[in-house]
Each structure stands twice: as structure tokens, then as C-alpha cells.
Amino acid sequence: MKQVLITGANKGIGFETARQLLQNGYYVYIGSRSLENGQAAVEKLKAEGLTQVEAVQLDVTNSESVRAAREEIGRKTDVLDVLVNNAGINGGMPQSSLEASVDQFERVFNTNLYGVVRVTQAFIDLLKKSVQPRIVNVSSSGSSLTLQSDPTWTYYSHKAALYPSSKAALNMYTIDLAYQLRDTAFKVNAVCPGFVATDFNNHRGTGTVQEGGTRIAKYAMIGQDGPTGKFIAEEHNPQTGETPW
């Protein structure tokens, strides 16, 4: 049974991704900043008959928490097949480049970029023991410099300084990570779940969590013929998903 860790998986897209991977026979570790919330998510899944799941306390902004989660999971398994770096924050308001504070930028980057670096580096040894290791970094089409510069793009007027810039930095990290692992069986991609209605955006999104979860789970499960080092946003490009950086 393949094993996957999903950060920030106690609700929203992370939770739905967990559900779909469980339905596909994966054993899922639900990373949650609050262990209580993580355990509540586990109980919801078990009530649906999805039992191969457990919660792990994991605050991606806290190095001690990340190390403790690595030790806990390491006591249960020698191999991790998939890492889904899903935990993220939007940074709150204001999002204007002239009004958002440096403290806001630091908080957003600490979760959306540095958190991914902490978790990836902590779990890379377990991932390297997998026959088909996969890393999915949950990104956003709003971080595409190309799309954000195109006045004809659907979301061209949806400008924000904090969240998209942190995801643009995450995209660069994804490119470099995929390059570092290019001669291995790893598949490493940045994947946008789409503009999905969740608590994250006060349910203003036009897509469903099911659609978002499907997009993330798809790249967690890709075969050896699948892409690596790509930016995938199927809402933008339904044909291949591949999206300009």
C-alpha cells in the first residue's frame, strides 16, 4: 500500500485530496497544525469507510513540529511514496503591493514557501526509498507571471501582492527541485487546483473541492510516463494542463 503525507489536510482541498487518495488505495497521513482538527478529519473519513488514515500534528512554519512529524511517521514506515505540500495561507488584507506590510509577506512566505522547503527536506529520505516517489506542490495559476501580464486572461484583474508572489517563488523551488531529482524516479510538479470555493477564499471560488482534489490527486498518482518539473493548471489548460510560468 502506497503511503502519502498531505500537509494542511484537515479541511478543504487537502481533505478532499486525502479522501480521493484513500479511495484509490493509499494510506494517508493527514498533516494538521491542530492535532484535534486532524483527528476530527480522520473520524469523518472513517465514517465513510475510509480507514487507512491517521492524523499527524504538523505545523509547517515550525521546524520542531516538522522534525517531530518526521520522527513519528518514520516510526511507522520506512517509505513515503507521495508528499503533497498543500498547507497554505492567503496572507489576509490588504494585498496591495503598496499597502501590504513586510510582516505580512514574511508570514505568507513562511508558510507557502519556507514551509514547503522544511517539509520536503525533512521527508526526502523516506521519499527516496519509494519505487515511484511523487511530490506535488499545490500552487495557483495566479502565480503565473505570463498570465498575470496578459490583459486577455480571465483573472487578469485579480491582482494581489502576497499570495501569488509566494506561489511564484514556490514554482521556482519546484523547478529547481525537479532538476535536482532529474536522474531519479521522482515526479515533481506544481499543480493548481483551480479557483475552488473553500474557506480559504470565503467560498468565492467557482469550482468545487471535488474538482480541486481530483486535480491534485491525479498528479500524486501519475505513472512513469507522466510529467515532471511542470506547472499544471487544468482550469487554464484543460487539454494538457501545462501552464506558462
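In the predicted model, arginine 70 and aspartate 125 are joined through their side chains by a salt bridge, with an N to O distance of 2.6 Å. This pair connects distant parts of the chain, since arginine 70 belongs to helix H3 and aspartate 125 to helix H5 (residues 114-127), 55 residues apart. Aspartate 125 has a relative accessible area of 31% and is therefore classed as partly exposed, a value that lies between the 20% limit for buried residues and the 50% limit for exposed ones.

A second salt bridge also involves helix H3. Lysine 76 pairs with glutamate 54, and their closest N and O atoms are 3.3 Å apart. Here too distant parts of the chain are linked: lysine 76 lies in helix H3 (residues 63-76) and glutamate 54 in strand E3 (residues 53-57), with their positions 22 residues apart in the numbering. The two partners differ in their accessibility class. Lysine 76 is partly exposed, at 45% relative accessibility, whereas glutamate 54 is buried, its relative accessible area being 17%.

Within helix H1, a salt bridge is formed by the side chains of glutamate 16 and arginine 19, at 2.4 Å from N to O. These residues are 3 residues apart in helix H1, so about one helical turn separates them. Both carry low accessibility values under the 20% cut-off for burial. Glutamate 16 counts as buried because its relative accessibility is 4%, and arginine 19 counts as buried at 17%. The pair is part of a wider arrangement, as Glu16, Arg19 and Glu48 are linked in a network of salt bridges. Over the whole structure, the search returns 7 salt bridges.

Arg19 also takes part in the packing of helix H1 against helix H2. Two packed helices are described by the angle between their axes and the distance between the axes. For H1 (residues 12-23) and H2 (residues 35-47), the angle is about 40° and the axes are 11 Å apart. The two helices are therefore oblique to each other, and the crossing of H1 past H2 is right-handed. On the H1 side, the contact is made by Phe15, Ala18, Arg19 and Leu22, which meet Ala41, Lys44 and Leu45 of H2. By residue class, this contact comprises 5 nonpolar and 2 charged residues, with no polar ones.

Helix H5, which holds aspartate 125, packs in turn with helix H4 (residues 102-112), at an angle of about 25° and with the axes 3 Å apart. As angles under 35 degrees count as roughly parallel, H4 and H5 are placed in that class. The contact brings together Phe109, Asn110, Thr111 and Asn112 of H4 with Tyr114, Gly115, Val116 and Arg118 of H5. Its residues divide into 3 nonpolar, 4 polar and 1 charged.

The loop between strand E4 (82-85) and H4 contains glutamate 99. At 55% relative accessibility, glutamate 99 is counted as exposed. When neighbours within four places in sequence are set aside, glutamate 99 is in contact with Pro94 and Gln104. The C-alpha atom of glutamate 99 is separated by 9.2 Å from that of alanine 161, a residue 62 residues apart from glutamate 99 along the chain.

Note on methods
Residues are numbered from 1 along each chain as its sequence is written. This is a predicted model: local features need pLDDT of at least 70, side-chain atom pairs count only at pLDDT 80 or more; totals for chains, interfaces and linings use all residues. Side-chain values use heavy atoms; hydrogens and water are left out. Axes are lines fitted to C-alpha atoms, for helices over the stretch in contact, and angles run from 0 to 180 degrees between N-to-C directions. Helices (H or I, at least four residues) and strands (E, at least two) are DSSP runs, numbered from the N terminus. Angles under 35 degrees count as roughly parallel, over 145 as roughly antiparallel, 65 to 115 as roughly perpendicular and the rest as oblique. A crossing is left-handed if the near helix is turned anticlockwise from the far one by less than a right angle, and right-handed if clockwise. Contact means heavy atoms within 4.5 Å. Ala, Val, Leu, Ile, Met, Phe, Trp, Tyr, Cys and Pro count as nonpolar, Asp, Glu, Lys and Arg as charged, and the others, Gly among them, as polar. A salt bridge is a side-chain nitrogen of Lys or Arg within 4 Å of a carboxyl oxygen of Asp or Glu. Buried means under 20% relative accessible area, exposed over 50%, partly exposed in between (1.4 Å probe, protein chains only).
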